[in-house]
Amino acid sequence: MGSFKLGKMTLGSIFKKPETIQYPAQTRFAPEGLKGHVVNDIDACILCGICMKRCPTGAITVDKPAGTWAIDRFRCVQCGSCVRECPKACLHMDPAYTPPATKKSVDVVSKETATDGKIAAKEAE
Ligand code: SF4
Ligand code: SF4
């Protein structure tokens, strides 16, 4: 009886749409409430460093003299504390999954490159 049931399930699964997807070529829709990842509108950022001080995991690094704001997405736990505390409201949670990566890296945005919308990634130490 058990093997009949198993055979029926196996045959049924041949004709069913797969439950899995070809990620990252295909992506699932972002469900409502997904926190996604932190994005900084660097043009509005004043590099005050409050987000860096409030981040519980030390994921953010602000270097005012260099004019850069950086986030280590492998450290970020999407708590939203930086977004709430930013006095310029230039941080927000983009409700999309962080793109997959083969290497651990830190996303850096700088005031100089902000008008081009460029994001430079450097390898984490
Ligand atoms: S708290 Fe806001 S304004 Fe200050 S450094 Fe962070 S992102 Fe920039
Ligand atoms: S969402 Fe939380 S963990 Fe992530 S960078 Fe902001 S304060 Fe840090």
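**Figure 1. Overview of the chain in the predicted model.** The chain holds 3 helices and 6 strands, and this picture comes from a predicted model. Read from the N terminus on, the elements follow the order α-β-α-β-β-α-β-β-β. Of the 125 residues of the chain, 26% count as buried, while the chain exposes about 9200 Å², of which carbon and sulfur atoms supply 58%. Among the contacts with a separation of 6 or more, 60% are accounted for by residues 24 or more positions apart.

**Figure 2. The surroundings of ligand 1.** Ligand 1 has 14 residues around it, and those that come nearest are Cys45, Cys48, Gly49, Cys51 and Cys86. By residue class, the shell around ligand 1 divides into 11 nonpolar, 2 polar and 1 charged.

**Figure 3. The surroundings of ligand 2.** Around ligand 2 there are 13 residues, of which Cys55, Cys76, Cys79, Gly80 and Cys82 come nearest. The shell of ligand 2 consists of 9 nonpolar and 4 polar residues, with no charged residue among them.

**Figure 4. Val38 and its contacts.** Val38 belongs to strand S1, which covers residues 37–40, and Val38 counts as buried because its relative accessibility is 2%, below the 20% cut-off for burial. Leaving aside residues up to four places away in sequence, Val38 touches Trp69, Ile71, Arg73, Cys76, Cys82, Leu91, His92 and Met93. Two of these contacts, Cys76 and Cys82, are also listed with the residues that come nearest to ligand 2. Cys79, another residue in that list, lies 41 residues from Val38 in sequence, and the two are 9.8 Å apart in space, C-alpha to C-alpha.

**Figure 5. The salt bridge between Arg54 and Glu85.** A search of the whole structure finds 3 salt bridges, and one of them joins Arg54 to Glu85, with the closest N and O atoms 3.5 Å apart. This pair links distant parts of the chain, since Arg54 sits in helix H2 (residues 50–54) and Glu85 in helix H3 (residues 81–85), 31 residues apart. Arg54 is partly exposed, with a relative accessible area of 42%, and Glu85 likewise counts as partly exposed, at 36% relative accessibility.

**Figure 6. The salt bridges of Arg73 and Asp72.** Arg73 forms a salt bridge with Asp107, in which the closest N and O atoms are 2.8 Å apart. Arg73 lies in the loop between strand S3 (68–71) and H3, whereas Asp107 lies in strand S5 (residues 105–110), so this pair ties together parts that are 34 residues apart in sequence. At 21% relative accessibility, Arg73 counts as partly exposed, and Arg73 is also one of the residues that Val38 touches. A further salt bridge runs between Asp72 and Arg75, whose closest N and O atoms are 3.8 Å apart. In this pair Asp72 counts as buried, at 10% relative accessibility, whereas Arg75 is partly exposed, with a relative accessible area of 45%.

**Figure 7. A nonpolar patch on the surface.** Leu11, Ile14 and Phe15 form a nonpolar patch on the surface, and together these residues have about 390 Å² of accessible area. Leu11 is found in helix H1, which spans residues 2–15, and Leu11 counts as exposed because its relative accessible area is 52%, over the 50% cut-off for exposure.

**Figure 8. Ala44 and Leu47 in the loop between S1 and H2.** Ala44 has its place in the loop between S1 and H2, where Ala44 counts as partly exposed at 28% relative accessibility. Not counting residues up to four places away in sequence, Ala44 touches Lys88 and Cys90; Ala44 and Cys90 are 46 residues apart in sequence but 5.8 Å apart in space, C-alpha to C-alpha. Leu47 also lies in the loop between S1 and H2 and is buried, with a relative accessible area of 7%.

**Figure 9. Backbone features in the loops.** Most residues other than glycine have a negative phi, and most peptide bonds are trans. Leu47, although not a glycine, has a positive phi of about 55 degrees. Gln78, in the loop between S3 and H3, is not a glycine either and has a positive phi of about 55 degrees; Gln78 is partly exposed, with a relative accessible area of 25%. A cis peptide bond joins Tyr23 and Pro24, with omega about 10 degrees, and Pro24 lies in the loop between H1 and S1.

Notes: Residues are numbered from 1 along each chain as its sequence is written. Chains are lettered from A and ligands numbered from 1 in the order in which they are written. This is a predicted model: local features need pLDDT of at least 70, side-chain atom pairs count only at pLDDT 80 or more; totals for chains, interfaces and linings use all residues. Side-chain values use heavy atoms; hydrogens and water are left out. A residue is near a molecule or strand if one of its heavy atoms lies within 4 Å of it. Ala, Val, Leu, Ile, Met, Phe, Trp, Tyr, Cys and Pro count as nonpolar, Asp, Glu, Lys and Arg as charged, and the others, Gly among them, as polar. Patches are made of residues with over 30% relative accessible area and no salt bridge: like charges are joined within 9 Å, nonpolar side chains (Val, Leu, Ile, Met, Phe, Trp, Tyr) within 5 Å. Accessible areas come from the Shrake-Rupley method with a 1.4 Å probe; for residues, only the protein chains shown count as cover. A salt bridge is a side-chain nitrogen of Lys or Arg within 4 Å of a carboxyl oxygen of Asp or Glu. Helices (H or I, at least four residues) and strands (E, at least two) are DSSP runs, numbered from the N terminus. Buried means under 20% relative accessible area, exposed over 50%, partly exposed in between (1.4 Å probe, protein chains only). Contact means heavy atoms within 4.5 Å.
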